[in-house]
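User: I'm new to reading protein models. Could you walk me through one, feature by feature?

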Amino acid sequence: MTTLPKPRQPELKTALPGPKTASIMERDSQHLSTSYMRPYPFVPDHGEGVWLTDVDGNTMLDFFAGIAVSTTGHAHPHVVQAVQEQITKFTHVCLTDYPQEITTSLAERLVKHVERPGEKWRVFFSNSGAEAVEAAVKLARNHTGRQHIISTMGSFHGRTYGAITLTGSKTKYKRGFGPLLPAVSHVPYPNPFRPPLGSTPETCGQAVLEHIESLFVGILPADEVAAIIVEPMQGEGGYIVPPADFLPGLRALCDKYGIMLIFDEVQAGMGRTGKMFSFQHFDVQPDIITSAKGIASGMPLGALLAKESVMTWPVGSHGSTYGGNPVAAAASHATLDLLEGRVQHPGCGANLMDNAAQVGEFIMGELKKMQAEFPFLGDVRGRGLFIGLEFVKPDGSPDGALRDRASMAMFERGLLNLDCGEAVIRISPPLILTREEAATGLEIMRETLRTLK
């Protein structure tokens, strides 16, 4: 009988933090910005695939991918090769002034995932998601000649001034930084687990749409609204999937009043939910899309995609010194190769989008079993490898303290994870995660949850 090799496990060689980690963290605390959070005592040294090793030799299983950034895992050979080849050619010219083939072809590849017959799109490249969001607001205001922007509660759009104004997830992002961007309003996000406005899981999407309509009647003139920006699947707010009728209804509402519809795909996009963009699960088309994070497997790149009929701002009205950097663009090309299946990753099927869907379905099924076993798991939700696990008190209210205990206990067992929302642990690993590696992470989670009973 052939004995199958045991699946790889986390390897903890020291107590956490180890001595080298502790030393670096002490130096870090003395010299870096006081705004950095540092929730886990971990200082990475190198990575391979879904595994990350710290400076003390402790190897962890990565279930958060640098906040949904490391699409292809750590040091993917195809991405590394693409970056190395480009960096020997040139590292910077400035895309605002000089066209470059590598960014032109990247734009061509990106728009193919959103264009419909008779509908052409264009791309503006930035360095980050926040920059893409800022550009989206500028574009919507410029195109419509209107000023007001509507965002949602629980949203996260970045930390620059416009982006934090739009953000509705935590007041700490705004406290002490005012005045913020004028002419911005927030409406509830339709969370089926915690339906707003006295609605039900089935009617919460329609309730939010009716709430927006009511604003147009008595508070906010619809003809002064430039855009509504929404995460098709909400990230920092708790990894929330809205009801199926919400986004199509929002599209119809925007069409009714001549409002631009902006989808922020920075966290949920780039194959994470099993499709290139999360809105594509709902058969609806926006006017503007913002993307970043997973677009280049960790290299700094953001993208604003917009219909050609909308991207009408004049020459020189917007630009970026570093946006569309050719090295980052090379990494993005390599990332798309793996997402589209032009290059296949061993053990991940035809392409990484399919792998995300299949492995995510397996994880969701196992988490549903845990939910039945552990009453404090109030909700398990998501699509693909965009999954949220919400912790609750006996009365059903969010239990952030228990979530924090669980998160740290998982970390101490070798599972890198990250919280979001009031009481949610997000599962957003690299899209190269195999079913076997997922099972290893799930077992760590199960062992941890048993200690919380």
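User: Let's start with one residue: is Ala 75 buried or exposed?

Analyst: Keep in mind that this is a predicted model. A residue counts as exposed when its relative accessible area is over 50%. Ala 75 has a relative accessible area of 53%, so it is exposed. You'll find Ala 75 in the loop between helix H2 (65-68) and helix H3 (77-87).

User: What is the phi of Ala 75?

Analyst: General idea to begin with: most residues other than glycine have a negative phi. Here, the phi of Ala 75 is near 55 degrees, a positive value in a residue that isn't glycine. Asp 283 is another case, with a positive phi of about 50 degrees, and it isn't a glycine either. Look for Asp 283 in the loop between strand E8 (260-264) and strand E9 (288-291). Asp 283 has 65% relative accessibility, so it counts as exposed.

User: And peptide bonds? Which one is cis just before Pro 17?

Analyst: As a rule, most peptide bonds are trans. In this model, the bond from Leu 16 to Pro 17 is cis, with omega near 0 degrees. Pro 17 sits in the segment before helix H1 (19-31). There's also a cis bond joining Gly 178 and Pro 179, where omega is about 0 degrees. That proline, Pro 179, is in the loop between helix H6 (161-166) and strand E6 (184-187).

User: Now the inside. Which residues touch the most other members of the largest nonpolar core?

Analyst: The general idea is that nonpolar side chains tend to be buried together in soluble globular proteins. The largest nonpolar core here has 100 residues, and those touching the most other members include Phe 216, Ile 363 and Met 445. Take Ile 363: leaving aside residues up to four places away in sequence, its contacts include Leu 385, Ile 427 and Leu 442. A second, separate core has 23 residues, among them Val 184 and Met 260. Across the protein chain, 57% of the 453 residues are buried.

User: Zooming out, how many helices and strands are there?

Analyst: The protein chain has twelve helices and 15 strands. Its radius of gyration is 22 Å, close to the 22 Å that the globule rule gives for 453 residues, so the chain is as compact as a globular protein of that length. For contacts between residues at least 6 apart in sequence, 71% join residues at least 24 apart.

User: What about charges: how many positive and negative side chains are there?

Analyst: Count 41 positive and 48 negative side chains, with the centres of the two sets 2 Å apart.

Technical notes:
Residues are numbered from 1 along each chain as its sequence is written. This is a predicted model: local features need pLDDT of at least 70, side-chain atom pairs count only at pLDDT 80 or more; totals for chains, interfaces and linings use all residues. Side-chain values use heavy atoms; hydrogens and water are left out. A nonpolar core is a set of buried Ala, Val, Leu, Ile, Met, Phe, Trp, Tyr and Cys residues joined through side-chain atoms within 4.5 Å. Buried means under 20% relative accessible area, exposed over 50%, partly exposed in between (1.4 Å probe, protein chains only). Contact means heavy atoms within 4.5 Å. Helices (H or I, at least four residues) and strands (E, at least two) are DSSP runs, numbered from the N terminus. The radius of gyration is taken over C-alpha atoms; the globule rule is 2.2 Å times the number of residues to the power 0.38. Lys and Arg count as positive and Asp and Glu as negative; His and the chain ends are not counted. The place of a charge is taken as NZ of Lys, CZ of Arg, CG of Asp or CD of Glu.
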